[in-house]
Amino acid sequence: MMITWDMVAQLRRGYVYKKAAGDVAYFQMPAFLEAGISCHGLSARTGGVSDGCNASLNMSFNREDDTRENIITNHRLLAKAAGIPWESMVMDTFEHGVNVIKVDSSHMGSGYIKESLPFCDGLVTNDPAVTLVTGHADCLPLYLYDPVRNCAGLMHAGWKGVFHNIVHNTVELMKREYNSNPKDMLAGIGPCICADCFEADEELGELFAKEYPHVRCVWPGRPTKAQVDLPLVVVAQYINEGILASNISLMDVCTFEEPNRLYSHRRDRGKTGGMASFLRLPAKDTDAFLHAPQERLGL
């Protein structure tokens, strides 16, 4: 489907930066807050116990120069700041693929105090007891919420996940398992590397241009290089699945350009920590939240 300027104009843009005690902070989407999804976001890098290149709220278990004890402590700090029960968290085990897994309360603690899940880059649930968690350090945090069926999906997507369309797999799983209608869904893209900072080889740019010919997502860069707009490809994928452009949010924060608030694998040449994206369903009756004062929403 061709992405028109009218569609782009309908996208929700912007973010709320919520700071808790101890300098723990995270990014959130106003549209999700308005819908009653108070527990969602992407962690900033401040307020944790890790040091060196991982300072300080490193959420990645894949950093050899950090201890598991530090990382567990950091996840606990984020959980406390965001009002999430620590025991409810379920973490992906990303492999830059497109596998998506349905989880429920029986999976709580996976990746933390229980054995890790099978390889997956996406999680879906309709269980309000569960908090979905995915890891990031430039890759796109992707959010889905169906307020009618009260179910949600959370994805980690690097260029491989975007190219091979993990969005499609996640939407299809929510349709199949929860009878979701994409027209009811809210979708979001959290802080990630922007098009100006995502430099790829010409060959990869050509692959994206060929796979997504109706999306102006590639332009020439330096010699033998191309710039690729991964968030725009995801917007096209969301719309192609039937999600309304007016229901799509972009935080428009580039990880590469935010050294004080965010880690970036590319900017720091791999010597860096990682963030965590999280998403937790509200109770089925959200009327009380929707009528809460603006300050409660962090706006």
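In what sense do strand β11 and strand β15 pair, and over how many bridges? The two strands, residues 186-189 and residues 248-250, pair in the parallel sense over three bridges. Please keep in mind that this is a predicted model. Here is a friendly tour of the sheet around that pair, then of one helix and the largest pocket.

**The sheet**
- The strands β11 and β15 belong to an open sheet of seven strands with mixed pairing, in the order β1-β15-β11-β9-β10-β7-β6.
- At the edges stand β1 (12-13) and β6 (100-102); each has a single partner strand, so one side of each is left without a neighbour in the sheet.
- Within the parallel pair of β11 and β15, G188 stands opposite S249.

**Strand β10 and its two partners**
- Strand β10 covers residues 151-157, and seven of its seven residues are buried.
- One side of β10 carries C151, G153, M155 and A157, the other carries A152, L154 and H156, and both faces are covered.
- Strand β9 (residues 140-146) runs antiparallel to β10 and is joined to it by seven bridges.
- Across that pair, D146 stands opposite C151.
- The hairpin of β9 and β10 has four residues between the strands, and N150 there takes a positive phi near 50 degrees.
- Strand β7 (residues 122-125) is also antiparallel to β10, with four bridges joining them.
- In that pairing, L123 has L154 of β10 as its bridge partner.

**Helix α6**
- In helix α6 (residues 202-211), the buried residues are L204, G205 and F208.
- Viewed down the axis of α6, these buried residues fall within an arc of 100 degrees, so they line one face of the helix.
- This fits a general rule: an α-helix has 3.6 residues a turn, so residues three or four places apart point the same way.
- E203, E206 and K210 are exposed on the other side of α6.
- The buried residues of α6 pack against two helices and three strands: α4 (159-163), α7 (230-240), β12 (199-201), β13 (218-220) and β14 (225-228).

**The largest pocket**
- The largest pocket has a volume of about 660 Å³.
- Its lining comprises 31 residues, with F94, H96, A137, C139 and H156 lying nearest the centre.
- Two elements, β8 (131-136) and α4, give two or more residues to that lining.
- By class, 13 lining residues are nonpolar, 12 are polar and six are charged.
- H156 links two topics here: it is buried in β10, and it is among the residues nearest the centre of the largest pocket.

Notes: Residues are numbered from 1 along each chain as its sequence is written. This is a predicted model: local features need pLDDT of at least 70, side-chain atom pairs count only at pLDDT 80 or more; totals for chains, interfaces and linings use all residues. Side-chain values use heavy atoms; hydrogens and water are left out. Buried means under 20% relative accessible area, exposed over 50%, partly exposed in between (1.4 Å probe, protein chains only). Two strands pair if DSSP finds at least two bridges between them. The arc is that of the directions from the helix axis to the C-beta atoms. Contact means heavy atoms within 4.5 Å. On a 1 Å grid over the protein atoms alone, a cavity is a set of points where a 1.4 Å probe fits but cannot get out, and a pocket is an open set with protein on both sides within 12 Å along at least five of seven lines; lining residues have an atom within 4 Å of a point. Grid points are joined across faces, edges and corners, and a volume is the space filled by probe spheres set on the points. Ala, Val, Leu, Ile, Met, Phe, Trp, Tyr, Cys and Pro count as nonpolar, Asp, Glu, Lys and Arg as charged, and the others, Gly among them, as polar.
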